[in-house]
Amino acid sequence: MTIGGSTAEAELAALSPWTHRAPPIARAEYDARIARARALMADAGVEALIVGAGASLRYFTGVPWGASERLVAMLLPPTGDPVLVCPAFERGTLEADLAIAADLRLWQEDADPHALVADALARWGVRRLAVDPALSFQAGERLRAAASGVELRDGARVIDGCRMRKSPAEIALLAQAKAMTLEVQRRAARIMAPGIAASDVVRFIDAAHRALGAAGSSFCIVQFGRATAFPHGLPGEQYLAEGELVLVDTGCLVEGYHSDITRTYAFGTVEPEVHAIWAREKAAQAAAFAAARPGVPCEAVDAAARAVLVEAGLGPDYRLPGLPHRTGHGIGLSIHEPAYLVRGDTTPLETGMCFSNEPMIVVPDRFGVRLEDHFHMTADGPVWFTEPQPAMDRPFG
């Protein structure tokens, strides 16, 4: 049995740390990322790039820090070592995390770090600076004031141009994260029982991720019955009853790379309409996968999924009953990142791009079905990271 019949204690006892671990990103790959960024800077007509704390800083330097009110940033000149601007008291931690050679520019609490950036730009003769789109507005404005005469440009072309196409090493890390979460999903389905609280399932999923060697769940959504009609759930506690749908959406991190897998299944007997919607959801997910061919624009994948729904009288567009959001998103060091499987995103699909495939169907205020698996693009087409759910009463192959 794959749904119910076990306990959280029994399932946790059967788990042990993941043995087939993907290696972390090597120094040579970080160096290649820096070289790629410089080539894209030249193409974009900018002389330097600034990257703030967050996923992109981790991508280029290995430093896994989130953004705060203190400026932590990498400044990439056309040649020579990147410059890392960082509070002086963080030097030891920075050096422990740093995966590349860098020139450290440290600042004390009463100093202006933006002046450090402006000074470096002036010495390099930079007139056009590409700015990380994730850098805060406040930091951007302070930088503009400090570096008067320097034109600030959107750095998305450079950063996305590097991060959208994953290397084999990145794909291996993503594959491990997704395999771990699929195993957690499998175990979670087994603990479902009448009256179980959604919060208990959330706690189990976190503990199961930890048992496999992750730092717990990176996020977790557990919905029962009517709550499944709301893509990200409802507030308050829920308790599972016979004849309800279960929707579990969760993920973890491996070396900063995300998983994000959703399963929707029946707990007991559900109405024929629910079966029909579930089957249409599976068909839409399959159509999106089939449409994902090298060179095809991202929006065509979204269109393929929606066509399957329109054929069944759902939608069109974002009307409900139907699909209320995009078909999928890029995934990597950020759980949602460019490119996106949505109308208007004409980015051509290329080898190494990684996406979620989740064309959810919502029947307003009654129920929803989301099947979410991820694929990566190869020269021959898409390859699943995890195999899609086979049937509504069989969440796993």
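Visitor: Which side chain makes a polar contact with the side chain of R33?

Guide: The side chain of Y257 does, at 3.2 Å. Keep in mind that this model is predicted.

Visitor: Where is R33 found?

Guide: R33 sits in helix α2, which covers residues 27–44.

Visitor: Is R33 buried or exposed?

Guide: Compare its relative accessibility with the cut-off. Buried means under 20%. R33 has 4% relative accessibility, so it counts as buried.

Visitor: Which residues does R33 touch?

Guide: Leave out residues up to four places away in sequence. Then R33 touches I25, Y59, F60, C162, E170 and Y257. Y257 is thus on the contact list and is also the polar partner.

Visitor: F60 is on that list. Which residues touch the most other members of the largest nonpolar core?

Guide: F60 is one of them, along with M192 and F224. This core has 66 residues. Its largest share, nine residues, comes from helix α8, residues 168–190.

Visitor: What does F224 touch?

Guide: Again, skip residues up to four places away in sequence. The contacts of F224 include M192, I196, V201, Y239, L245 and V246. E244 is also among them.

Visitor: How many residues are in the other core?

Guide: That core has 37 residues and lies apart from the largest one. Among its members are L247, C298, L349 and M353.

Visitor: Now the strands. In what order do the three strands of the open sheet come?

Guide: Read across the sheet, strand by strand. The order is β7-β8-β11, with antiparallel pairing. The edge strands are β7 (219–224) and β11 (261–267), and each pairs on one side only. Neighbouring strands are turned by 10° against each other on average, direction ignored.

Visitor: Which helix packs on this sheet?

Guide: Helix α9, residues 198–211, does, and it touches β7 and β8. The direction of α9 makes about 145° with that of β7.

Visitor: How many bridges join β8 to β11?

Guide: Seven bridges join them, and the two strands run antiparallel. β8 covers residues 244–251. To follow the pairing, pick one residue and look across. E244 stands opposite F267 in β11.

Visitor: Where do side chains point in a strand?

Guide: In a regular strand they alternate between the two faces of the sheet.

Visitor: What do β12 and β13 form?

Guide: They form a hairpin, with six residues between them. Three bridges join β12 (residues 328–330) to β13 (residues 337–341), and the strands run antiparallel. Look across once more: H329 stands opposite Y340 in β13.

Notes: Residues numbered from 1 in each chain as written. Predicted model: local features only at pLDDT ≥ 70, side-chain atom pairs only at ≥ 80, totals over all residues. Heavy atoms only, no water. Pairing = 2+ DSSP bridges. Helix = DSSP H or I, 4+ residues; strand = E, 2+ residues; numbered from the N terminus. Axes fitted to C-alpha atoms, helices over the stretch in contact; angles between N-to-C directions. Contact = heavy atoms within 4.5 Å. Core = buried A, V, L, I, M, F, W, Y, C linked by side-chain atoms within 4.5 Å. Buried < 20%, exposed > 50% of the residue type's maximum accessible area, 1.4 Å probe, protein only. Polar contact = N/O pair within 3.5 Å; in protein donor to acceptor, adjacent residues only side chain to side chain.
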